[in-house]
Amino acid sequence: VGQGVCGTAVIEAVTQIVTDVHQFPGHIACDSASLSELVIPLFDKQGNCRGVLDIDSPSLARFDQQDATGLLPIANLLINKWR
């Protein structure tokens, strides 16, 4: 927690939209083809992080706020598993 895009999303409790993962300080490469990333942290009703919805793309600047908003229903389905 606190490292890489996923860890930053958890520690800040904020969706991360990264246009170029190579410019993100401390990026942890889990896919060598990944160039951009969107991460939504998933917290239960007690405020405990249960995971992240992590989507990578081989294209730079693939994700924007509209993508994050569109993925919130999926994130909510996952979160509701712990409510």
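Strands here are DSSP runs of E, at least two residues long, numbered from the N terminus. The model is predicted.

**Exercise 1. Place Ser-36 in the fold and decide whether Ser-36 is buried or exposed.**

Step 1. Find the element. Ser-36 lies in strand S2, which covers residues 36–43.

Step 2. Check the accessibility. The relative accessible area of Ser-36 is 0%. Buried means under 20%. Ser-36 is therefore buried.

Step 3. Look for a polar partner. The Ser-36 side chain reaches the backbone oxygen of Ser-59 at 2.6 Å.

Step 4. List the surroundings, leaving out residues up to four places away in sequence. Ser-36 touches Val-18, Thr-19 and Val-21, among others. Its contacts also include Ile-55, Asp-56 and Ser-57. Ser-59, Leu-60, Ala-61, Arg-62 and Phe-63 are in the list too.

**Exercise 2. Find the salt bridges and classify the burial of each partner.**

Step 1. Recall the principle. Side chains of opposite charge can pair when their charged atoms come close.

Step 2. Count. The structure holds two salt bridges.

Step 3. Take the pair Asp-44 and Arg-50. Their side chains meet at 3.8 Å, N to O. Asp-44 has a relative accessible area of 7%, so Asp-44 is buried. Arg-50 stands at 44% and counts as partly exposed.

Step 4. Take the pair Arg-62 and Asp-67. The N to O distance between their side chains is 3.6 Å. Arg-62, at 43%, is partly exposed. Asp-67 has a relative accessible area of 23%, so Asp-67 is partly exposed.

**Exercise 3. Which residues make up the largest nonpolar core, and which element gives the largest share?**

Step 1. Start from the general trend. In soluble globular proteins, nonpolar side chains tend to be buried together.

Step 2. Name the members. The largest nonpolar core has nine residues: Leu-38, Ile-40, Leu-42, Leu-53, Phe-63, Ala-68, Leu-71, Ala-75 and Ile-79.

Step 3. Assign elements. S2 and helix H2 (65–80) each supply at least two residues of this core. The largest share, four residues, comes from H2.

Step 4. Look beyond this core. Another core lies apart from it and has six residues, among them Val-5, Ala-9, Val-18 and Phe-24.

**Exercise 4. What does Phe-63 contact, leaving aside neighbours within four places in sequence?**

Step 1. Collect the partners. Phe-63 is in contact with Ile-17, Ser-36, Glu-37, Leu-38, Ile-55, Asp-56 and Ser-57.

Step 2. Match them to the core. Leu-38 and Phe-63 are both core members.

Step 3. Link back to Exercise 1. Ser-36 touches Phe-63, and Ser-36 lies in S2.

Definitions and conventions: Residues are numbered from 1 along each chain as its sequence is written. This is a predicted model: local features need pLDDT of at least 70, side-chain atom pairs count only at pLDDT 80 or more; totals for chains, interfaces and linings use all residues. Side-chain values use heavy atoms; hydrogens and water are left out. Buried means under 20% relative accessible area, exposed over 50%, partly exposed in between (1.4 Å probe, protein chains only). A polar contact is a pair of N or O atoms within 3.5 Å; within protein, one must be able to donate a hydrogen and the other to accept it, and residues adjacent in sequence count only if both atoms are side-chain atoms. Contact means heavy atoms within 4.5 Å. A salt bridge is a side-chain nitrogen of Lys or Arg within 4 Å of a carboxyl oxygen of Asp or Glu. A nonpolar core is a set of buried Ala, Val, Leu, Ile, Met, Phe, Trp, Tyr and Cys residues joined through side-chain atoms within 4.5 Å.
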